[in-house]
Amino acid sequence: MRGFRSAGNIVLDFASAAPSVVKSIRQRDLLNTWLRLYARQRIAPAIWEYQPARLEEELSDLIYYTVDTSTPVPRLVIQSEGTRISRAYGHTGKGVPLDEYIGPRLVPSVMPIYYECVARGLPVYSVADVDDIYGRIVAYERLLLPFLTDGKVCHIIASLKTFCEDGGFEIKNLMRGNDALPRPKLRAVIDRDLFHRAPGRIAAADVVEFADRSGPADATEIIELN
């Protein structure tokens, strides 16, 4: 199953994925907190409910957006941004619409990812390769988490991670420092297995059989956990 989202004349496709598609341990922790809230009513939570552990440690890699869906195309405005991400784009952007902040060169490849998150009300994960100013290949991993107000996606939190297999890389102007556009490796909507199972515990509705060893050999008791 695949979805599609467009910006201008460019249409991007999105794979259907489970939470395991996310590589970063820190991003998985952020996603698992969102999934626990989502599981209550099978809808995205409100942003004020979202309080993941060790959030302070992640703030440098997070961007908060407000979303205005009253316009034909959703309008995302940056409300805060981490220092590492500011260095990657070359300047800060608080209070600036996202499409203006990234510029027309990146809009066709970036904005449809955010529009898909707004339209589906589900997490969206993407990976693209970017070259730093020295030509080293850097994996740019983006996790978008939507949050509802009055039944509409009004906030998005983006977790942005960078990784280079060669070790160190230059993050300054990473997204603007060369003429090569990011090369997409994966775009996925996380719409399968939308639950978080704590390690070592039995999930609700699992069936467990207990054998009665004091009676006949074939006597068993079946209990459904709810």
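So, leaving aside its neighbours within four places in sequence, which residues is Trp-34 in contact with? Hold that thought for a moment while I set the scene.

What we're looking at is a predicted model. The chain has 226 residues, and 45% of them are buried. Its secondary structure comes to 5 helices and 10 strands. On the outside, the accessible surface is about 12,300 Å², and carbon and sulfur atoms account for 52% of that. And if you take contacts between residues at least 6 apart in sequence, 57% of them join residues at least 24 apart.

Okay, into the middle. In soluble globular proteins, nonpolar side chains tend to be buried together. Here, the largest nonpolar core has 51 residues. Helix H5, residues 107–120, gives the most to this core, with 7 residues. The residues with the most contacts inside the core are Trp-34, Tyr-65, Leu-76, Tyr-114 and Ile-156.

Which brings us back to Trp-34. Beyond those sequence neighbours, Trp-34 touches Ala-44, Pro-45 and Tyr-50, then Gly-121, Leu-122 and Pro-123, and also Leu-145, Pro-146 and Phe-147. Have a look for those three little runs of numbers when you turn the model around.

One more stop: Asp-132. This one sits in the loop between strand E5, 124–131, and strand E6, 137–149. Buried or exposed, then, this Asp-132? Its relative accessible area is 2%, so Asp-132 counts as buried, the cut-off being under 20%. As for a partner, a polar atom of the Asp-132 side chain lies 2.8 Å from the backbone nitrogen of Arg-136.

That's my tour, thanks.

Definitions and conventions:
Residues are numbered from 1 along each chain as its sequence is written. This is a predicted model: local features need pLDDT of at least 70, side-chain atom pairs count only at pLDDT 80 or more; totals for chains, interfaces and linings use all residues. Side-chain values use heavy atoms; hydrogens and water are left out. A nonpolar core is a set of buried Ala, Val, Leu, Ile, Met, Phe, Trp, Tyr and Cys residues joined through side-chain atoms within 4.5 Å. Buried means under 20% relative accessible area, exposed over 50%, partly exposed in between (1.4 Å probe, protein chains only). Helices (H or I, at least four residues) and strands (E, at least two) are DSSP runs, numbered from the N terminus. Contact means heavy atoms within 4.5 Å. A polar contact is a pair of N or O atoms within 3.5 Å; within protein, one must be able to donate a hydrogen and the other to accept it, and residues adjacent in sequence count only if both atoms are side-chain atoms. Accessible areas come from the Shrake-Rupley method with a 1.4 Å probe; for residues, only the protein chains shown count as cover.
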